Amino acid sequence: MKKHTTNTDVRQLQARKRKLLALLSLPPEAMPGSLAQSHYRCGSPNCHCTRDEGHPHWSLTFMSEGKKRVHNIPKARVEFIRERVNEGKAFKQGVAELMVINAQLFHLFEKRDRDNKRRGKRKAGD
Ligand SMILES: [Zn+2]
């Protein structure tokens with residue numbers, strides 16, 4: 001019963017791994033971090049921004065060599081950057097999932113080896 005469950009787990013993990021490997025290719029234009037909109041006041045006393053929420057402003061925030069970087073993004077480029085960021089995020093998630101699957105498969109194979117050895121010993125002792 002237990003052995004069957006392990007084999008099913010291995011098959012499911014291997015199937016997911018094949019799927020991930022087929023899907024995952026390094027997106028050449030991927031970008032890091034997150035895109036966010038904020039608002040600012042330009043300082044002009046007659047501007048509408050003194051009365052409303054302010055001028056919308058987009059930025060991309062990411063870490064580089066341990067430092068937080070913030071790049072301004074022109075409004076016209078926001079959708080382009082959003083897609084690049086999503087590509088990067090999907091790739092990172094895929095790689096992270098692949099590595100977890102590999103660790104789980106290693107663990108299951110080790111367990112299977114141990115169980116087989118134990119069973120072999122018991123047979124030899126009988
Ligand atoms: Zn203003």
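This tour proceeds through a predicted model, from the whole chain to selected strands and residues.

**The whole chain**

Begin with the entire chain in view. It contains 2 helices and 3 strands, and from the start of the sequence to its end these elements follow the pattern α-β-β-β-α. Orient the C-alpha trace along its principal axes: the spans are about 95 × 30 × 25 Å. The radius of gyration is 26 Å, whereas a compact globule of 126 residues would have a value near 14 Å. Of the 126 residues, 2% count as buried. Among contacts in the chain with a separation of 6 or more, 58% are between residues 24 or more positions apart.

Next, colour the chain by pLDDT. The average is 92, and 92% of the residues score at least 70. Where is confidence lowest, and where is it highest? The lowest mean, 88, belongs to helix α1 (residues 2-23), and the highest, 97, belongs to β3. As a general caution, predicted coordinates should not be read in detail where pLDDT is low.

**The sheet**

Select the three strands together. They form an open sheet in the order β1-β2-β3, with antiparallel pairing. Its edge strands are β1 (34-40) and β3 (67-73), each of which pairs on one side only. From one strand to the next, the twist averages 35 degrees.

Now restrict the selection to β1 and β2, the latter covering residues 55-64. These two strands pair in the antiparallel sense over 7 bridges. Two bridges can be located by residue: Tyr40 has His55 of β2 as its partner, and Ser38 has His57 of β2. Is β1 buried or in the open? Of its 7 residues, the number buried is 0, so β1 lies largely in the open.

Move to the other side of β2 by selecting β2 and β3. This pairing is also described by 7 bridges in the antiparallel sense. Display Thr61, whose bridge partner in β3 is Val70. Then display Met63, which stands opposite Lys68 in β3. For β3, as well, the number of buried residues is 0 of 7, so this strand lies largely in the open.

**The hairpin residue Glu65**

Zoom in on the loop between β2 and β3, where Glu65 is found. The hairpin formed by these strands has 2 residues between them. What is notable about the phi of Glu65? The angle is positive, at about 50 degrees, although Glu65 is not a glycine. For context, most residues other than glycine have a negative phi. Glu65 counts as exposed because it has 5 C-beta neighbours inside 10 Å, and the cut-off for exposed is 12 or fewer.

**Helix α2: Glu79 and Phe91**

Select helix α2, residues 78-125. Glu79 is placed in this helix and, with 10 C-beta neighbours inside 10 Å, counts as exposed. To appreciate the extent of the chain, draw a distance from Glu79 to Asp9: the two are 70 residues apart in sequence, and their C-alpha atoms are 40 Å apart in space.

Continue along helix α2 to Phe91. Is Phe91 exposed or partly exposed? It counts as partly exposed, because it has 16 C-beta neighbours inside 10 Å; this value lies between the limit for exposed, 12 or fewer, and that for buried, 20 or more. Which residues does Phe91 touch, leaving aside those up to four places away in sequence? They are Leu24, Leu26, Pro27 and Ala30. Show these side chains together with Phe91 to view this set of contacts.

As a last step, draw the distance from Phe91 to Leu108. Their C-alpha atoms are separated by 26 Å, and the two residues are 17 positions apart along the chain.

How values were computed:
Residues are numbered from 1 along each chain as its sequence is written. This is a predicted model: local features need pLDDT of at least 70, side-chain atom pairs count only at pLDDT 80 or more; totals for chains, interfaces and linings use all residues. Two strands pair if DSSP finds at least two bridges between them. Helices (H or I, at least four residues) and strands (E, at least two) are DSSP runs, numbered from the N terminus. Axes are lines fitted to C-alpha atoms, for helices over the stretch in contact, and angles run from 0 to 180 degrees between N-to-C directions. The radius of gyration is taken over C-alpha atoms; the globule rule is 2.2 Å times the number of residues to the power 0.38. Two residues are in contact if their C-beta atoms, placed from the backbone, lie within 7 Å. pLDDT is the predictor's confidence in each residue, from 0 to 100.
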